[in-house]
Amino acid sequence: MVNEPTHAPLLSIVVPVYGVEAYLYQCLESIRADVPAGEADAVELIAVDDASPDGCGAMLRSYAAGRDGVRVVHLGSNVGLGLARNAGLDVASGRYVWFVDSDDWLPPGTIPAVLDRLRQHQPDVLMLDHLRVHEDGRREVDASSHLLRGMPGVARLADQPQLLRVQHTAWNKVVRRAVLDELELRFYPGWYEDIPFSHPLLIGAEKISVLDQVCYLYRQGRQGAITSTRSGRHFDAFAQYERLMDWLRLRHPDEQLRAELFELMISHLLVVVGNDDRLHPHLRRAFFHRVAEHYRRYLPTGGYPVPPGVAGLKHRLVGRGDYLAYSALRQAHRVAGRLRRSGPAGGADNGAGPAVADEDPSRPAESATGTGGGLAVGDAELDRGDALVGRRLP
C-alpha cells in the first residue's frame, strides 16, 4: 500500500528496509525531524519494506500512520537492496531522489542544507560528505572526503576528475530524477549494486554540485552488513563491473575514462580479495583469478595509471595472474602491519582489522600503500624503481 502525496515535492528520500529493526527508527526520525517548519511539502519519505523477516514491516506501518509525507511500500518477497531502491524510485514523485540506507542516519541540519543547495544550483547530481561511525561511537572521516573540498558552483566531471574517486555509493549523491531516465540508470540485482550506478551518474551529469558538509552518518561493523559478511556473493562484483564497462562502451567510449575506471576497478577488487571480513580463505584464490580475468579482458590498449608502491605491485601481480606471489606479499604486509601496531608507539596487537594495504581504494595512493615496516616481499622490487610504477602500463 502506498499513500499518495497531494502534490509533487522537491525531494524524495527512498529508504530500503531489511533486517534493521534496531536502527530503523533512528534513521526515519533523523530524516523526518530534520524537515524545516513550513517545508513539509518539499520532502517525501518513501520506506520500502523488502519483506523484512523481523518487525520492520509493522514498525513502518505504525510510523507512517498519521504522519504526512511518509509513504510505505511493502514488497511481497525479498528482492535485495538494488531492486528495493528501484521499487521506491518507481513511486517517487520528487524532482530529486536520494537513496538513504536504513541502518544509517542523517545529522541535524542536513535536510535544510540539501534543499537550499538544490534550489541554489539546480544540479544534476549533488554530492555530499559523510562520516563513518563505528559501533563504539568513534567517528572517522572518509579517506576520499578531501576530494570534495574547494569546489565552488557547479562543474562537469571533466573539470573535476577527482570526483570519480569519491566513494562510489548511491547514498552520498542526490540525483535529479530526469537524469536517471536520460542515462537509463537503475539498480541491478546482486551485491555491489552501486558500481554500475554511481560512476555512470557522474560521467553523464552536466551539472555536479558539492555540499562540503557532513550530511550522512555511515554505520560501520553492523552484523549482517555486506562489508562485514563472509560470502560467495562478493563474486557479484564481477557482474556489476561488467555492466559498468558495457555502459561505458556504449554511452561514453572515452579511453581516458576507461583507463581511470579500470584502475579503480582493479583497486576495488583487490580490496575485496584481501579482506578477511568478506572472503573466506578458501575462496580467495578463485576470486583473485577472476580479478586477473577482468584485468586481461578490460585492460585499455593505451595502458592505465598504475598506483605507486605496494598497491601498484599488487596490480602487476594481478596482471601476471600470480596468486602465489600475491598471497606471499599480502601475508608479509599484514605481518609487518601487526609488528608496527605492537611496537612501542602502537601498543599491543589486538588483531583488529586488516593491514592498511587492504583498505578502500579511494584513499590517496601514498597513504594507502603503507610501505613502511620492513616488508620482505616486494620491497626489493620497489627499491629498484620498477619503471611500471606510477606510469601507464602498456
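**Exercise 1. Find how much surface the protein exposes, and what share of it comes from carbon and sulfur atoms.**

Solution. Keep in mind that you're working with a predicted model.
- Start with the total: the protein exposes about 16600 Å².
- Then take the share: carbon and sulfur atoms supply 51% of that area.
- Now look inside: of the 394 residues, 53% are buried.

**Exercise 2. Work out which residues touch the most other members of the largest nonpolar core.**

Solution.
- This core has 73 residues, and M127, L163, L201 and F287 touch the most other members.
- Next, ask which helix gives the most to this core: that's α8 (residues 255–273), with 11 residues.
- Zoom in on L201. Leaving out residues up to four places away in sequence, L201 touches V125, K173, V175, V179, L180, L183 and L185.
- Don't stop there: another core, of 38 residues, lies apart from the largest one, and V17, C56, Y63 and A64 are among its members.

**Exercise 3. Decide how helices α7 and α9 are oriented: roughly parallel, antiparallel, perpendicular or oblique?**

Solution.
- Helix α7 covers residues 236–251 and helix α9 covers residues 281–298.
- Their axes come within 11 Å and cross at roughly 10°.
- Angles under 35 degrees count as roughly parallel, so α7 is roughly parallel to α9.
- Who meets whom? On the α7 side you'll find F238, Y241, E242 and M245; on the α9 side, F287, R290, V291, H294, R297 and Y298.
- Sort the residues of this contact by type and you get 6 nonpolar, 1 polar and 3 charged.

Methods: Residues are numbered from 1 along each chain as its sequence is written. This is a predicted model: local features need pLDDT of at least 70, side-chain atom pairs count only at pLDDT 80 or more; totals for chains, interfaces and linings use all residues. Side-chain values use heavy atoms; hydrogens and water are left out. Axes are lines fitted to C-alpha atoms, for helices over the stretch in contact, and angles run from 0 to 180 degrees between N-to-C directions. Helices (H or I, at least four residues) and strands (E, at least two) are DSSP runs, numbered from the N terminus. Angles under 35 degrees count as roughly parallel, over 145 as roughly antiparallel, 65 to 115 as roughly perpendicular and the rest as oblique. Contact means heavy atoms within 4.5 Å. Ala, Val, Leu, Ile, Met, Phe, Trp, Tyr, Cys and Pro count as nonpolar, Asp, Glu, Lys and Arg as charged, and the others, Gly among them, as polar. Buried means under 20% relative accessible area, exposed over 50%, partly exposed in between (1.4 Å probe, protein chains only). Accessible areas come from the Shrake-Rupley method with a 1.4 Å probe; for residues, only the protein chains shown count as cover. A nonpolar core is a set of buried Ala, Val, Leu, Ile, Met, Phe, Trp, Tyr and Cys residues joined through side-chain atoms within 4.5 Å.
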